[in-house]
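Here are a few exercises to work through with the model open beside you. Try each task before you read the solution.

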Amino acid sequence: MWFLTHAWIIPALMALSFLLILFFGKLMPKKGSEIGIAAIGIAFILALLTAGSWYTHNNEEVEGHGDAAAMADVQEGCSNEVDHLAAEDHGEETEDVGDHEGEGRSDDGGSDEGTDDHALGQSDSGEYAQSDSGEYAQSDSGEYAAPAATSTAVASEGEEEHLTRPVVRCAAWAEIGTPGSSLITWGTMVDGQSVLMLVVVTLISLMVFIYSSEYVSGDRRYTHYFAFLSLFSASMLFFVLAQSTIQMIVGWELVGVCSFVLIGHWWEEKPNSNAALKAFLTNRVGDIGLLIGVAILYFAAGRSFSILDLNILAANGGISHGILLVASVCLIFAVMSKSGQFILHTWLPDAMAGPTPVSALIHAATMVVAGIYMVARLYPVFFEGLSIAGSSVNFLAIVGAVTAMFGALLAFVQKDIKKVLAYSTISQLGFMVTALGVGAWTAALFHLFTHAMFKATLFLGAGSLSNAAHHSFDMVNDMGGMRKVLPRTFWTFIVATAALAGIFPLSGFWSKDEILAGHGSLFSAGGNGTYHVMLVMLLIGAFCTAAYMTRTIWYAFYGEFRGHGTPHESGSRITVPLIILATLGAVVGVLNLPEKIGPFTFPESISLQFEHFVEPVGAYFPAISHAEFNIPLAIFSLALALSAVLVTYLYYWKGAFKFLHGLSERNRVAGLGKTILVNKYYFDWLYTDVITGFVKGPAARATNWFNQHVLDGIVDGTGKGAVVAGQFVYENIDQKVVDGAVKDTAIATSEAGGVLRHMQTGRIQQYAALFFAAAALLAGVFVVAIG
Amino acid sequence: MLLNQFLLLAAILFSIGVYGVIVRKNGVLVLMSVELMLNAVNINLVAFSTYHGLGGQVFALFVIAVAAAEVGVGLAIVLLIYRNRRSVDIDQLDELKG
């Protein structure tokens, strides 16, 4: 439990490592790399201990009933909804009033949905429980029936069901508005999903750190490199532990900044700094989606950033479908940029300009999986917003499937081994996004987990190859025949390739198959909807994956050595991480063995362990259903992968299909296809030449013209008009009326003075005469008036 | 005696004073004419006091005192005019002419 409540130590440790390396790295005997390795090593151990702690915690029996008991580990103040539930639950226990419960139990037989979520919209959640539990409560895969199944309900089903109890700790960060009305918190939300990511991130980072200490040795910014590698891990760890969406944004942006710094590590060469800028700016485009999405959810959830609040409200109908739809579409744009989905994927291949270990880190553990993680974290938003259950097409699935298929096709025309892997990552991320899109949540995270292992192996293997080939990544021109000189790299590469292609019984097979089965189409039953088109696209993607990886192996390891110099195997600090990761990549598939394959049944203690570990059960997660292992589909996809390998093998090794050689030169359609692929579907052309070019050229000129002629015309015209008006006013009103009045007054006064001055003779007697005359006159008037 | 006889005398005396003030050129004579007018008023005051209480006599005494002060100031002015101009002809004193 201590590890669950103190998970913040892990990112804090890496952040500390960043600062230590930055300030003291150069003074250390190994230029700071030892600090980084030590820190990530400790972080990895802590992550493992946290995972163990979570395993124990997750298997504990829960006393009491209802959500409040299930979420007993949420610190007060971290989630309004949970506080609310706890208060109601408490009240119920003491008063023992049955009106809530009666209402809750009367509407369905199998499950009692929440005695205590009036605030979440009784009608919606009631409906939910009915429709879902009716369908899934009896399914033999043993899924929980409703979001808020209580212990009594579970007992009536005769199933042992655990509710997940996320451990949430938070601290106040800022307060908006009147005190207590809206608190922004930051803290940790530890559940299976974040613990999984803690382990993955620290494991891959540890391998990358060790690998880097040899790979970039002698680099001029060696210390700086390790500092930012630490910060990269810290950011991602911070992100996965995020308790509020605001914190998520912070982690998300930190990851972006670190990727910018590391992709542009060798910024002296212009293409590298361009690639860094491209990665950063493309991500900015998607970040806008994230900001808008988070803002929408904030207001929709009654001013709460808490992820738990958002999920509870979204899963139980507390937020309307339309708002969730808009929010999820906005968030998908963020996923597009961060996780390299079409149409914002273009930065990812260019990001290969960074050092290879960085690519491995970006692709396996930190940067690109952030998007997947975000969707998985806020899954109720997407599940409800996109109506994943019961539909056959939605935006998330489309994006993923298109990416999975078209990304894989692009890998065929690449000469640079890292770019092959980059497109492979794009394609595999497409698999994960599709899986999330079709409701196969666990499959997506499982694929993320296995993919991290073998993709890291592949990238690190590519780095090892380039180390041998004089730092070239051009597998067509500078590699070949590496099999004999780099045996360890070769074998790890082969294992990882097989895992990626989904060859039985390596990890990729299990995770890919789970995704395919999750489409609920073709041979498989169950699932959340029926996604035929996506399944076909993913199968094509899987076929291409096996084929282009075989092509890569041919170019890199077979044939004659085409480079120059003498290649040599890399040192142990490169090969040991390779071997570890390849081994893991081969075997981690057993973590989520299906319960039964045909007649053969695995015991409960070893099957679906991953699912049990990772997947949340409770009010803050939608009631997704799980496809069973599907033998025909598994055999079909395996056959597809093997046939792809076979065809490619025959084509390259044996020279079969002679008519295909040089087809693109002879056949116009094939040539056109190849041109499109070589030009990456013209996305770069579209962005650089069409959009940017339009902005720089015609748009800029048009704006300039508009400015010069229209805006300046208006300003000039206004000025001229004002001058004319001023002149008119001066001549007619100021001069004539105002000045005229003033002058005439003066003239009148002057002339009156000229007349009256004659009276002033200066002779006192005349004045006296006038005075007496006036007095006499007035006296006369007085006498007459009185009289 | 009838009151109107006194009033008639005072009116005559006042008119003579007005005439002197307006017509005479000599500043001293103008002052003397002013005295005539004042005394004409005194006659009136005393005459009315015979029929209407002693307030008029008190006023007459005040007028005499004020007349004495006025003459003091007036003669001092006339004296200064004479020193500056060697003449007391007020027709020549028209420097305030507009």
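**Exercise 1. Chain B as a whole**

Task: work out what share of the contacts in chain B with a separation of 6 or more comes from residues 24 or more positions apart, and describe the elements of the chain.

Solution. Bear in mind that this is a predicted model.
- Start with the contacts: residues 24 or more positions apart supply 48% of those in chain B with a separation of 6 or more.
- Now the elements: chain B has 3 helices and 0 strands, so to speak an α-α-α run from the N terminus on.
- Finish with burial: of the 98 residues in chain B, 14% are buried.

**Exercise 2. Checking a helix for length**

Task: compare the span of helix H3 (residues 55–85) of chain B with the expected one, then look just past its end.

Solution.
- Count the residues: H3(B) has 31.
- Take the span from first C-alpha to last, which is 44 Å.
- Set that against the 45 Å expected at 1.5 Å a residue, and the two turn out close.
- Step off the end: B:Arg86, just after H3(B), takes a positive phi of about 60°.

**Exercise 3. Two helices in chain A**

Task: decide whether helix H9 (residues 192–215) and helix H10 (residues 222–240) of chain A are roughly parallel or roughly antiparallel.

Solution.
- Get the geometry: the axes of H9(A) and H10(A) come within 9 Å and cross at roughly 175°.
- Apply the cut-off: angles over 145 degrees count as roughly antiparallel, so H9(A) is roughly antiparallel to H10(A).
- Pick out the contact residues: H9(A) brings A:Ser194, A:Met197, A:Leu198, A:Val201, A:Ser205, A:Phe209 and A:Ser212, while H10(A) brings A:Leu229, A:Ser233, A:Met236, A:Leu237 and A:Val240.
- Sort them: 8 are nonpolar, 4 polar and none charged.

**Exercise 4. Burial in a short stretch**

Task: find out how many residues of helix H17 (residues 369–377) of chain A are buried.

Solution.
- Go along H17(A): the buried residues include A:Val369, A:Gly371, A:Tyr373 and A:Arg377.
- Tally up: 9 of the 9 residues are buried, so H17(A) is largely enclosed by the rest of the structure.

**Exercise 5. Where to trust chain A**

Task: which elements of chain A have the lowest and the highest mean pLDDT?

Solution.
- Begin with the average: chain A comes out at a pLDDT of 77, with 84% of the residues scoring at least 70.
- Go to the extremes: helix H8 (residues 151–157) has the lowest mean, 36, and helix H32 (residues 764–786) the highest, 90.
- Look at residues 93–160 of chain A: the pLDDT there is below 50, yet the stretch has 110 contacts in the model beyond near neighbours in sequence.

How values were computed. Residues are numbered from 1 along each chain as its sequence is written. Chains are lettered from A and ligands numbered from 1 in the order in which they are written. This is a predicted model: local features need pLDDT of at least 70, side-chain atom pairs count only at pLDDT 80 or more; totals for chains, interfaces and linings use all residues. Helices (H or I, at least four residues) and strands (E, at least two) are DSSP runs, numbered from the N terminus. The expected span of a helix is 1.5 Å times one less than its number of residues. Axes are lines fitted to C-alpha atoms, for helices over the stretch in contact, and angles run from 0 to 180 degrees between N-to-C directions. Angles under 35 degrees count as roughly parallel, over 145 as roughly antiparallel, 65 to 115 as roughly perpendicular and the rest as oblique. Two residues are in contact if their C-beta atoms, placed from the backbone, lie within 7 Å. Ala, Val, Leu, Ile, Met, Phe, Trp, Tyr, Cys and Pro count as nonpolar, Asp, Glu, Lys and Arg as charged, and the others, Gly among them, as polar. pLDDT is the predictor's confidence in each residue, from 0 to 100. A residue is buried if 20 or more other C-beta atoms lie within 10 Å of its own, exposed if 12 or fewer, and partly exposed in between; C-beta atoms are placed from the backbone.
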